Amino acid sequence: DSSKILAAGVEIYKSTDGGSTVIQKSYWWKWYFGRTIAGGEEGPPDYSHADNHCFAYDPENPNVIYFGTDGGIFKTTDFGETFHGKNGGYQTQQFYNGFSSVYDNGYFAIGGLQDNASAIYDGQTNWIRTLHADGSWTAINYLNPSIVYGSYYYLNLYRSTNGGNGWDRLMLADAGNTAFISPYVLSPTNPSIVYAAGSKLLKSINGGNSWTVKNTPTSNPAISIACSSYNPDLVYIGFAPENGTLNILKSEDGGNSFTDISAGLPNRYPMDIAVDANDDNNVIIVFSGFGSSHVFYSTDGGSFWQDISGDLPDVPTNAVAIDDLNPGYFYVGNDIGVFFTSNYGESWRRVSNGMPDASIVMDLSIVRNSRKIIAATHGNGAYIADLLQPEDVRDETNQPEKFVLFQNYPNPFNPTTNITYVIPSVIARSEATRQSIENSAFANNAKDCFTHDCVGVRNDGAVQVTLKIYDALGRKVATLVNAKQTPGEYSVQFNAVNLPSGIYFYTLRAGAFVQTRKMVLMK
């Protein structure tokens, strides 16, 4: 019936007379806040999220239409009279920079989301939607985690004194030219001191009740900010090169005066800044863009910058975090995942196993007391992992020390999935044997290795490796690897296009080591 039309832009509209009259049918602002149960209703029947980008219709029922929006997938079964969210279980939220967590555990965190307000994590599967619009930077008072800060675009700043259950808008002074996602930070030494930045720097000494304006020597909008863990008057600010010139400003007197420390840095967007909690002269800045270096480190407060990008991929880099307990341990988040160095950037390795390939990591938040790190991504939600310890990192030859078989990703999958594993530098039957081999001056000698029962290890460190796939009845359905491999990290793809849906197992054998994991094919 061509007289019936649905048209979708920000909202969804309907006509039953070929377009002569058009009636609005959806209202994005009616979305529900608080904790929405996965698969539950996200708003009343006339709610569908704003900003429609695509649609699909059921070829057997013209009344069934699916809409792809900034808030996920919505469905109508009556040609636009009512709508239902279909987003339970999808991990697709788009975090911005400015994600926050409390110091002592990873079970209270908050982040701003693209066109999906802000979200609070309190240890439960279903996060709590709060505030509104495009969520922006956040902050948590480390002395009192009930005091939480949230914001939305152009530095509209709010404060909660009850853990995000209620919010009061803070009336800021004129911050000048503000970025869409504008930064602010609480002083690590005194959380009553708040710095917020546009092209001007705003400072509060009473938690945001009142503000003073600090004029800067730039008209560019700020997009990153960090404060010393020792001196509440020491602040670093990164400005977008909107007028063609990069500005990285440093103030040592709380914003009364500024020093430009941009010399030697690329004319790119300075996405994030991290200050070493042990020495506030140690600073790292990461940059977006292509065709230039992305990570720079200074040990003198920005007077001189060292390029420590090393072997990182040339992709936009958005986040940086410093492990304060292990010198030289840095993490960066870029457009394809999380990378880690244990040697001040001389070498980097990807540590985002378990995250989707090419996850755009927008921020990294270290939970210091429980030794965790949270990665907030733009499109794949959030992840938490243990910080790497000295026993986890690779040795001086960049060879791994532990045997690891990672969970395949994606899982469930259809029809392809990736399997990643690590072959350590010594493969032995037992830990005692491994230690005896490591203590031997001739451990790389094939004869000596055989004497120590180093099964399958060649004198170049290679070991016989097999990776096989089995169905639920234990029948082998594929062999992905059957070769000698030297120590390192490997990734292979399994294509199950010719197999039926069901549970499968993959088993890795390397010398005397064997490990099996389960995966699910869902067609």
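**Exercise 1. Which residue in β35 stands opposite I374, and what joins the two strands?**

Solution. Start with the pair itself: I374 faces I384 of β35. This is a predicted model, in which local features need pLDDT of at least 70, side-chain atom pairs count only at pLDDT 80 or more, and totals for chains, interfaces and linings use all residues. Residues are numbered from 1 along each chain as its sequence is written, and side-chain values use heavy atoms, with hydrogens and water left out.

Next, look at the strands (DSSP runs of E, at least two residues, numbered from the N terminus). Strands β34 (residues 372-377) and β35 (residues 382-386) run antiparallel and are joined by five bridges. Two strands count as paired if DSSP finds at least two bridges between them. Finally, step into the hairpin: four residues lie between β34 and β35, and G379 takes a positive phi near 130° there.

**Exercise 2. Find the strands at the edges of the open sheet β29-β30-β31-β32.**

Solution. First, note that the four strands pair in the antiparallel sense. The edges are β29 (317-322) and β32 (349-350); each has a single partner strand, so one side of each is left without a neighbour in the sheet. Then follow β29 inwards: five bridges pair β29 with β30 (residues 330-334), again antiparallel. One residue to check is T317, whose bridge partner in β30 is N334.

**Exercise 3. Which residues touch the most other members of the largest nonpolar core?**

Solution. A nonpolar core is a set of buried Ala, Val, Leu, Ile, Met, Phe, Trp, Tyr and Cys residues joined through side-chain atoms within 4.5 Å, where buried means under 20% relative accessible area (1.4 Å probe, protein chains only). The core has 29 residues, and those touching the most other members are Y149, Y184, Y195, L201, I225 and I237. Now see where the core comes from: β17 (184-186), β18 (194-197), β19 (201-204), β21 (222-227) and β22 (235-239) each give two or more residues. The largest share, four residues, is from β18.

To finish, zoom in on Y195. Leaving aside neighbours within four places in sequence, Y195 is in contact (heavy atoms within 4.5 Å) with residues including Y184, L201, I225 and G254.

**Exercise 4. Where does V10 lie, and how exposed is V10?**

Solution. Locate V10 in the loop between β1 (5-8) and β2 (12-15). Its relative accessible area is 47%, so V10 is partly exposed, a class that runs between the buried limit and the exposed one, which is over 50%.
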